[in-house]
Each structure stands twice: as structure tokens, then as C-alpha cells.
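Reader: I would like a close look at how the helices of one chain pack together and where its nonpolar core lies. Please take that part first, and then place it in the setting of the whole model.

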Amino acid sequence: MDEVLLRNLTPSVLAILVRRGADFAAAEDAVQDALVEAVRVWPADPPRDPKGWLVTVAWRRFLDTVRADAARRRREDLVNEEPAPGPAPAADDTLRLYFLCAHPSLTPSSAVALTLRAVGGLTTRQIARAYLVPEATMAQRISRAKRTVSRLRFDQPGDVATVLRVLYLVFNEGYSGDVDLAAEAIRLTRQLAAVIDHPEVAGLLALMLLHHARRAARTAPDGSLVPLAEQDRGRWDTASIGEGVAILQAALARDRLGEFQAQAAIAALHADAPTAEETDWVQIVEWYDELAHLTDSPIVRLNRAVAVGEADGPRAGLAALAALDDSLPRHTAVAAYLHERDGDLATAARLYAEAAQKAPNLAERGHLTRQAARLNARR
Amino acid sequence: MAKYLLLKHYRGAPAAVNDVPMDKWTPEEISAHVQYMNDFAARLEETGEFVDGQALAPEGAWVRYDGEGRPPVTDGPFAETKDLIAGWMVIDVDSYERAVELAGELSAAPGAGGAPIHEWLEVRPFLTAPPTITE
């Protein structure tokens with residue numbers, strides 16, 4: 001049985017239940033039960049109409065729960081009328097589900113968890129493992145999030161930017177655990193792109209595909225990080241790059257630039273270079289200028305300093321860096337790199353060691369320590 | 001079964017035998033060290049003795065309650081703090097002897113020159129829940 005196919009049906013099944021009048025939290029539980037049931041039953045007895053099967057089972061599950069509640073609460077008016085199975089839901093329903101799960105009243109971690117469960121169809125256990133928290137903690141986080149959004153109206157229009165931020169978070173912090181969160185983020189963004197025509201959705205999808213394409217080349221067999229310039233470009237996934245570039249070009253042609261399209265454009269220029277030396281750094285600096293204009297993020301200006309260092313030489317990069325606050329994350333690492341390019345190996349080695357102390361994760365710490373060691377061994 | 005915390009210190013432990021900062025090792029020595037640590041954790045997972053392992057950033061802060069309606073007070077980091085924890089591994093083993101044996105193996109991780117670091121690790125037993133049968 002194709003689990004991804006099954007999970008692709010999750011949002012539309014959930015949307016049908018909600019549209020029939022089920023409250024969001026109960027409907028979501030019922031859909032999870034139906035998914036579990038499908039995994040159990042389908043291998044031996046595959047349904048002819050998978051979605052219809054899921055809707056029927058989930059709706060029955062929902063009614064059972066409501067009946068049990070109603071018996072307790074003497075509230076029986078809702079359950080007497082079982083609506084006929086509705087037509088396939090409009091794309092709008094799936095879209096509203098994305099908005100609901102990424103609603104601004106949720107914290108980012110709650111929005112991420114709820115999106116993965118209600119839209120992605122992952123189980124609480126899978127999500128808990130992916131984020132390395134106890135299952136009970138994740139269950140609580142999800143049920144609190146569901147209570148929050150249950151109070152919202154399902155038909156309220158949302159802001160697509162909030163959805164994109166949640167999907168970006170899933171992708172960017174998606175390299176741990178047994179569930180491949182990066183692949184899951186791509187699947188969810190692809191699904192979103194199918195129901196909404198928006199250049200930034202396309203931009204984010206392109207960005208994800210272009211970065212995902214480099215994944216195999218990004219770590220050495222011993223688990224250490226391989227920087228972009230040293231990656232074996234033969235191991236980049238050319239199909240994924242091709243798709244990302246095509247999606248990006250179509251988005252850019254619509255002339256409604258946004259930060260994800262600009263980031264994707266930078267990733268595409270890297271992907272486009274047959275060797276690191278052939279990278280079009282001048283164009284990359286221009287894209288960073290666009291990006292800085294769009295976001296005004298200090299991280300963007302830090303990355304821009306690296307690009308300037310490549311386009312106009314390390315001295316120019318160091319000058320660009322000098323204008324930035326040196327408490328920025330990775331400021332020291334960038335300084336180390338630019339000093340090395342400038343030939344000042346002693347300063348570079350000292351700064352690499354200092355940057356390693358400040359590294360936000362073990363992989364970067366290991367990489368920066370190795371850089372320091374490499375230069376110290378040469379001197 | 002009993003749980004033990006194996007604590008690694010940035011500062012505060014007695015000096016190791018092979019006490020050379022990592023950025024003065026060769027890149028190959030660093031790789032060998034990381035490989036040893038990964039293999040060690042993987043082996044403990046296989047024997048069913050691994051519980052958790054985490055690394056901590058060197059810099060943090062001190063925080064305390066400052067009274068009703070007031071935000072907590074933060075202070076530090078203090079460069080002079082003698083003891084600074086770098087990370088830990090939690091193991092669940094049959095005996096104290098086994099905990100010591102494993103800490104010894106972890107301390108043998110290779111460092112500069114490919115020789116064991118002989119780093120001092122702190123072994124601390126967890127306080128447990130009270131047993132059911134007490135007499």
C-alpha cells in the first residue's frame with residue numbers, strides 16, 4: 001500500500017467532514033482513526049474508491065464519538081441526520097485547512113505539529129519522534145492547537161504567508177528522526193501549489209526542490225558537513241534541480257517577486273554552475289540585494305557579505321561584513337572564511353576556532369573545528 | 001537496571017592526559033574522534049543500554065525569580081564559573097561496575113596524535129522511584 005497516496009487524501013477527507021458540520025477537533029481525530037484503519041485493512045482488501053472509503057469510515061467514527069458524547073450530554077439533534085456523501089471537495093476546502101493549521105493564533109511549534117497531523121496525515125508518534133519529544137508531549141501540543149483552531153470559523157480567508165512560514169520551518173528543521181520532514185514539507189508544498197495559484201508558493205516549492213537536490217552531497221560518509229564549494233556536483237539530483245528551476249522561472253515570469261522566489265533564484269544560480277569556480281557571484285549579489293530589499297533581514301546581509309567576497313574579492317566582503325553587528329549568528333564563521341580567502345591564515349584559524357564555540361549545532365561545530373585544524377596543520 | 005549520567009565538562013574536570021584543544025588536532029584526528037563517539041553510541045543502542053545523549057552550547061545564563069509581577073533576573077554568562085558542562089550521555093545498565101566500564105571506554109576516545117584522550121568523565125547515578133517491596 002502506498003502510504004504517501006493515503007496521506008495525500010488526508011486534507012480533503014478532513015475538509016469533507018468539517019464541511020458536513022463536524023467540529024474540527026473531532027473530525028481530525030476521526031480521520032486519524034480512519035487512516036490507521038486503512039493501513040490495517042487495505043493491504044488485504046484494497047477499496048475501489050480510497051477517498052470514499054476514508055470519508056465513510058471517518059464519518060462513522062465521528063458519529064460514534066458524537067453519539068457517545070450525546071448520550072452523556074443528552075444532545076441528540078446533530079446526529080439524527082446523516083448527510084449523503086458529498087461531491088469531491090473544492091480545492092478551497094483543502095486550502096482553508098492549510099490556513100486553519102497555520103493560523104496566527106497558534107505558536108509556530110503548534111502550527112507545525114497540527115499541519116503535519118491534520119494536513120500531512122502523520123501520526124502523533126511520528127511527529128513526536130521527528131522532533132525528539134515524548135509522544136505525550138506532542139499529543140498535548142496537538143490537542144491544545146486543535147482546541148485553539150476549533151474556535152475559529154472554517155470559512156475565514158487566511159494569509160498564505162503564514163502557511164509558507166510553517167512549511168518552511170518543517171523543511172528547514174527537517175533532517176532528524178525517521179520521518180523525512182524535508183520530503184514531507186515538499187509534498188505538502190506541492191499539494192498547496194496544486195490548490196492555490198501564487199508565485200510565492202511556487203517560489204518556496206522551487207527553493208525546497210533546489211536545496212533537497214543537494215542533500216546527498218551535503219554530508220560526507222562520516223557525517224561531517226561538506227560546504228557547497230566542495231560538494232560533488234555529480235551527486236546533485238538533476239531531476240529535482242530541473243523541476244525547481246522550471247517552477248521558479250514560471251513564477252518569476254509573473255513579476256510578483258517575493259522572498260522565497262529570490263532565495264530560490266540564488267539556489268538556482270548555485271545549481272546552475274557546473275563547478276564552484278563558475279558560479280555567477282555577481283548575479284547572486286544582485287539577488288541578495290533584492291532579498292535585503294524584501295526582508296531587511298541581517299542574516300541576508302551576512303550571506304550577501306559572503307557573496308560580495310566571491311564577486312569582488314575578500315577585502316570587499318570584509319568591508320561589507322564590518323557594517324554588520326558582530327553578534328549575529330555565524331558572523332565569526334563568515335569572518336574566518338573571508339580572512340582565509342584573503343590569505344590571513346592565522347586570523348582565520350583563530351576565528352574558526354572561536355566560531356566553533358558559538359556554533360548552533362554539532363555538525364557546524366565539527367566543520368568549523370576541522371577548518372581551524374586544517375589551517376593550524378598548514379602553518 | 002539503574003540509570004547513570006555520564007557528564008562531560010568543558011571546564012571543571014581534572015586535566016586529561018592527552019589534553020590538546022581540538023582545533024590543534026589534524027582534521028583526520030577529528031574525524032576519528034567523531035567516528036569513535038558515534039560508534040560508541042550506536043553500540044550502546046544495540047546492547048539496549050543507551051537512553052539519551054545531548055551536547056550543550058558553552059554559553060548560557062543564570063536566571064532567578066525576582067518577585068511577584070517582576071520579570072525574572074538574568075545574569076552571566078560568567079567566565080570565571082569553574083564548572084561548565086559540555087554534554088551528557090544517559091545509560092541504563094545492570095550495575096555501577098558496568099557504568100564505570102562504559103565511562104572508561106568513552107574516555108578512551110582518540111584525540112591528538114590518535115592517542116586516547118583519557119578525559120575525566122563524571123559518573124552520577126539517578127535517584128530512582130521507591131521500590132514496591134521494602135521489607
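Author: What follows goes from the chain as a whole to its core, then to two helix pairs, and last to the partner chain.

The model is a predicted one, and for chain A the mean pLDDT is 90, with 92% of the residues reaching 70 or more. Among the elements of chain A, the mean pLDDT is highest, at 98, for helix H13 (residues 238-252) and lowest, at 84, for helix H1 (residues 3-8). A stretch to be read with care is residues 78-85 of chain A, over which pLDDT stays under 50 and for which the model has nine contacts beyond four places in sequence.

Chain A has 20 helices and zero strands, and its C-alpha trace spans about 80 × 45 × 40 Å along the principal axes. Of its 379 residues, 42% count as buried, and among contacts in chain A between residues at least 6 apart in sequence, 60% join residues at least 24 apart.

In soluble globular proteins, nonpolar side chains tend to be buried together. Here the largest nonpolar core holds 111 residues, of which Leu17(A), Ala58(A), Ala206(A), Leu210(A) and Tyr352(A) touch the most other members. H11(A) gives the largest share of this core, nine residues. Leaving aside neighbours within four places in sequence, the contacts of Leu17(A) are Ala22(A), Ala27(A), Ala30(A), Val31(A), Ala58(A), Trp59(A) and Phe62(A). Apart from this core lies another, of ten residues, including Tyr4(B), Leu6(B), Ala99(B) and Leu102(B).

The first helix pair to consider is formed by H9 (residues 160-172) and H11 (residues 199-212) of chain A, whose axes come within 10 Å and cross at roughly 5°. Because that angle is under 35 degrees, H9(A) counts as roughly parallel to H11(A). On the side of H9(A), the residues that meet the partner helix are Val160(A), Leu164(A), Leu167(A), Tyr168(A) and Phe171(A), while H11(A) brings Glu200(A), Val201(A), Leu204(A) and Met208(A). Sorted by type, the residues of this contact are eight nonpolar, no polar and one charged.

The second pair is made of helix H3 (residues 24-41) and helix H8 (residues 135-150) of chain A, which pack at an angle of about 135° with their axes 8 Å apart, and so H3(A) is oblique to H8(A). Phe24(A), Ala25(A) and Glu28(A) of H3(A) make this contact with Lys146(A), Arg147(A), Val149(A) and Ser150(A) of H8(A). The division by type is here three nonpolar, one polar and three charged.

Turning to the partner chain, 15 residues of chain A are in contact with 13 residues of chain B. On the side of chain A, the elements that give two or more residues are helix H19 (345-358) and helix H20 (362-378), and H20(A) supplies the largest share, nine residues. That side of chain A divides into six nonpolar, six polar and three charged residues.

Within chain B, Glu46(B) has its place in helix H1 (residues 27-47) of that chain, and Glu46(B) counts as exposed because it has 9 C-beta neighbours inside 10 Å, where the cut-off for exposed is 12 or fewer. The C-alpha atoms of Glu46(B) and Pro110(B), which are 64 residues apart along the chain, are separated by 22 Å.

Notes. Residues numbered from 1 in each chain as written. Chains lettered and ligands numbered in written order. Axes fitted to C-alpha atoms, helices over the stretch in contact; angles between N-to-C directions. Helix = DSSP H or I, 4+ residues; strand = E, 2+ residues; numbered from the N terminus. Parallel < 35°, antiparallel > 145°, perpendicular 65-115°, else oblique. Contact = placed C-beta atoms within 7 Å. Nonpolar A, V, L, I, M, F, W, Y, C, P; charged D, E, K, R; others polar. Buried ≥ 20, exposed ≤ 12 C-beta atoms within 10 Å, placed from the backbone. pLDDT = per-residue confidence, 0-100. Core = buried A, V, L, I, M, F, W, Y, C linked by C-beta atoms within 7 Å.
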